[in-house]
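Got the model open in your viewer? Let's walk through it one selection at a time.

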Amino acid sequence: MLIEEFFGAKYKAAVMMALAKSRYIGLPVTPRSISRIYRVNLSFVYRFFRLLEDSKMILRVGKGYVMSDKGSELVNMIIDMIPRSGDDKIDFLKRSLPDTMYYIFTPMFQRWFGLRKTLVVIDKRLRGKINIRCDLCVTIYTTLRGRKYRFDWDNYVSKADPEQGYADLISYDESWEEYIPDILLNYDLMDLDEIIERSSAEGRRRIATALTYYKTLVGNKIPTKLFVPRIVDKKYIRNLTVMIPYLLDNRIIEARNI
Amino acid sequence: MRKKSDDKKSFLTEFKKEIMRIVPDIKILEKEAERISDNIQVLSDDERQTLIQSLERVYYIIFILKELTEFFKEKISFGGGSVLNYLFISSKDEAPRFTYDLDANWNLNVSNKRELLEEIVVFNAALSERYKVRLPVDERRYLDLYQAEYDIEKDYFPDILSLRMPVLMRWSGLEFYRYVRSVANINMSFNLIRRLRKIFEEVLKIRDAKIDYIRFEISFKKDMPYKSYEIELPFEFGREKINITVIEYQMASKIIEKLGKDYGDKIDLAAHDIIKTILDLRYLRYCDLNEVARHIDVLLEKYNVKKDEIMKNIVRNIRYVEKYLDEYMKKQYYILIRRKYSSREIISIVGSMLKTLGLFS
C-alpha cells in the first residue's frame, strides 16, 4: 500500500515521513519547508501539525517540530512503508534523512563519460551526523536556503530541478567540464541564465568560459541575460578542450585540424 | 522598486550609446570615400552609394585588424588583399580594389586550431571589456555582437582558421529581427522591434539595421617574413604599429604562387584570381624591386621551379585574362580602379614592372 493511501492524503504522508525521518537525526522539521518540498497545501499542513501536537504525537522545538516518544512508536512503520529503490545510497537517503534536508540530482542527458555520478546535496547541519558511502557521488554539505528542489512522489526522494543540479555540479565537482556538453547541447530545454545565477562565483566563471568557448567554437548563438564573455577565466579554457569531440563531428575535427 | 520596463529602458539607452560608439558615422565613410577616390564627383550616384556601402564593411575590417593587433601584438601579423589595398595601395594615390576579408598569420607555433581557438576565446573576453553590444531579443535575454567566432561554413583548410564577427550594418546582412530568428530561433516581439527600430533610425539613419558577418582568417604553420610598419589607419582609427608580411615578399609570392602558376585547362576558373593578382601587382611601382627579386629567388628555390617556367605561365595567364579584363572591371570591387585606368593601362603598368624583374616579355 502506498504511504499516501495509508494516511489518506499526500499532505499527511508528507508530514509523517518528514517527522519520522527527522527522528533519526534529531533535528526539527518545519511545516513551511514540508509544504515547499513536498508541494502540499501549507494550511492543511499547519492544521495537521496542530492535530498531532494536540494529540501529543509531536513536540515543538524552536520553529519546528520533532516526534514525541509517543509518536516515535510510528517511526519504524512509516519508514518501512517507503518503497526501496534497490540503490543502497538512495535508499539510505530515502529512509534516513528528512526530504527537506537533502536533494539528489543525476545528469539528465549525459552519456559521454561512462557511468553517471549522482549529486547529493545535504543540509550543512547534518555534517558529521551521517555518513554516506558512495564512490560515484558528488556529496556537498551546504545551506539549502533558496535552492530549487522538490520531493519526487514517484520515487520518494528529493530531487533538484535541472538548473539547480547542473549549477551545483559545475560549481562543486572538480570534473565540472564533463557536464558542459550536457548543458550546451540541451540549452533550449533548460534555463541557462538560471544555471548561471544558481552557480557559485567559481561556477559562474566556469560556465561563462564554457559558453564563450562554445560560441567561439561553433558560432552558435545562445541568448543570455548575463554578458558572459566578461567573466571568462583563462585558467578554465584548457579544461574545455576535452569537450570539442562532443560538440563537433569527428570528421570535421580531423579534416580541418581542429 | 524598479520596474522591469525601467530596466529594459535603461538597457536600451545603454545599447544606443554603445552602437553610437561602435558603428561608423556616415560622415566618416564619406570622408574615406573622398580620400580614396581621386575625385568622387566623377562617380555616378549609384557608384558613389555603392562605394560608401562597401566602405562600411572595410571600416569593420580595419576595426578587427586594430583590435587583433592591440590584443595579440607580436603573436599576429597581417597580409593579403585587404592590407595591401586599404593600407598600402590607397596611401599611394592609387585606387584600391575592394575585398571583404582579412588575412592574418599566427607567428607562434601551434599544431592545431584548438590551440588558436583558445586564444580567440581570451580575445573575446578582452573585446567584451571594451565593447558591450548586446542586442535584446526578449524580455530578459540578449545576443552578443562584436565577438569573434569560428566560421564553420567557410573553414576548409587544415592550416587556416576561418573566423567571423557579427556586426551591425546599415546595408548588408539580415535585418536584425530576421538574424535573431535565424541564429537563435527567437521571434522578437513587435514592441521590441519597434523600440529598436527607433534607436536604429536615430543612430544609423536606417530603420531596419542589419547584422552581417565580417570574415577573417588566421593561418598558421606558414613561415612568412614580416615586419612592423607604422601606419596611419583609415577611418580615423589613428596611427598603429602593425606586423605585416614584408610587402616585397607579398609581391613575390603573388607573382610565383598566383600569376606564375600553371592552371592548365582550369584557367577559366582561376581567371578572377589572376585579375585580382594583376591589380594588386600595381604596387610593384612602390616596392624595392631588388628585394622583390630576392624573395622571388627564394620562392623559386622553395618550390623548385625554374624562372623560365614561371615567365611562360605569367605570359600565358596575362594573355588569357586580358580578353576578359574589361568585363571583370565592371564588377563593383573595381569601381575606383576603372575610373582611373583602362584595362590596357593596367596590363601595361604591371607588364613593365614584370619586365624589369625579367619575368615578362
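The tour starts with the overall picture, moves through chain A, and then visits several spots in chain B.

**Before you click**

Keep in mind that this is a predicted model. The predictor gives the complex an ipTM of 0.78, along with a pTM of 0.86. If you color chain B by confidence, its pLDDT averages 91, and 97% of its residues score at least 70.

**Stop 1: chain A as a whole**

Select chain A and show it as a cartoon. You should be able to pick out 14 helices and seven strands. Its C-alpha trace spans about 75 × 35 × 35 Å along the principal axes. How much of the chain is buried? Of its 258 residues, 57% count as buried. Now think about contacts in chain A with a separation of 6 or more: 62% of them come from residues 24 or more positions apart.

**Stop 2: helix 2 of chain A**

Select residues 10-25 of chain A, which make up helix 2. Try the distance tool on the C-alpha atoms at its two ends: they are 23 Å apart. At 1.5 Å a residue, these 16 residues should span 22 Å, so the model agrees with the expected span.

Next, color the buried residues of this helix. There is a run to highlight, from A:Ala13, A:Ala14, A:Val15, A:Met16 and A:Met17 to A:Ala18, A:Leu19, A:Ala20, A:Lys21 and A:Ser22, plus A:Ile25. Note that A:Lys21 is among the buried ones. Step past the end of the helix and you reach A:Gly26, which has a positive phi, near 70 degrees.

**Stop 3: helix 3 of chain A**

Move on to residues 31-38 of chain A, helix 3. Six of its eight residues are buried, so the helix is largely enclosed by the rest of the structure. Show side chains for A:Pro31, A:Ser33, A:Ile34, A:Ser35, A:Ile37 and A:Tyr38, the buried residues. What covers them? Among the covering elements of chain A are helix 2, helix 4 (42-54), strand 2 (64-67), strand 6 (149-152) and strand 7 (157-160). Just after the helix, check the backbone at A:Arg39, where phi is positive at about 60 degrees.

**Stop 4: two crossing helices in chain B**

Switch to chain B and select helix 3 (residues 45-72) together with helix 5 (residues 113-130). They pack at an angle of about 110 degrees, and their axes are 11 Å apart. Angles of 65 to 115 degrees count as roughly perpendicular, and therefore these two helices of chain B are described that way.

For the contact itself, show B:Glu67, B:Leu68, B:Glu70, B:Phe71 and B:Phe72 from helix 3 of chain B. From helix 5 of chain B, add B:Glu119, B:Ile120, B:Val122, B:Phe123, B:Ala126, B:Leu127 and B:Arg130. Color this set by residue type: eight are nonpolar, four are charged and none are polar.

**Stop 5: B:Ser128**

Stay on helix 5 of chain B and center on B:Ser128. Is B:Ser128 buried or exposed? Its relative accessibility is 0%, so it counts as buried. Bring chain A back into view here: leaving aside neighbors within four places in sequence, B:Ser128 is in contact with A:Phe227, A:Pro229 and A:Arg230, as well as B:Gln147.

**Stop 6: two loop residues with positive phi**

Most residues other than glycine have a negative phi. Here are two that do not follow that trend.

- B:Tyr146 has a phi near 60 degrees. Find B:Tyr146 in the loop between strand 4 (142-144) and strand 5 (149-150) of chain B; at 2% relative accessibility it counts as buried.
- B:Asn304 has a phi near 55 degrees. Look in the loop between helix 10 (289-303) and helix 11 (307-322) of chain B; at 69% relative accessibility, B:Asn304 counts as exposed.

**Stop 7: two buried helix residues**

Select B:Arg197 in helix 7 (residues 190-204) of chain B. This arginine is buried, with a relative accessible area of 13%. Not counting residues up to four places away in sequence, B:Arg197 touches B:Phe176, B:Tyr177, B:Phe190, B:Arg207 and B:Asp208. B:Arg197 and B:Asp208 are 11 residues apart in sequence, and their C-alpha atoms are 6.0 Å apart.

Finish at B:Ala252 in helix 8 (residues 247-259) of chain B. B:Ala252 is buried, at 0% relative accessible area. Beyond its neighbors within four places in sequence, B:Ala252 is in contact with B:Val292, B:His295, B:Ile296 and B:Leu299.

Methods. Residues are numbered from 1 along each chain as its sequence is written. Chains are lettered from A and ligands numbered from 1 in the order in which they are written. This is a predicted model: local features need pLDDT of at least 70, side-chain atom pairs count only at pLDDT 80 or more; totals for chains, interfaces and linings use all residues. Side-chain values use heavy atoms; hydrogens and water are left out. pLDDT is the predictor's confidence in each residue, from 0 to 100. Helices (H or I, at least four residues) and strands (E, at least two) are DSSP runs, numbered from the N terminus. The expected span of a helix is 1.5 Å times one less than its number of residues. Buried means under 20% relative accessible area, exposed over 50%, partly exposed in between (1.4 Å probe, protein chains only). Axes are lines fitted to C-alpha atoms, for helices over the stretch in contact, and angles run from 0 to 180 degrees between N-to-C directions. Angles under 35 degrees count as roughly parallel, over 145 as roughly antiparallel, 65 to 115 as roughly perpendicular and the rest as oblique. Contact means heavy atoms within 4.5 Å. Ala, Val, Leu, Ile, Met, Phe, Trp, Tyr, Cys and Pro count as nonpolar, Asp, Glu, Lys and Arg as charged, and the others, Gly among them, as polar.
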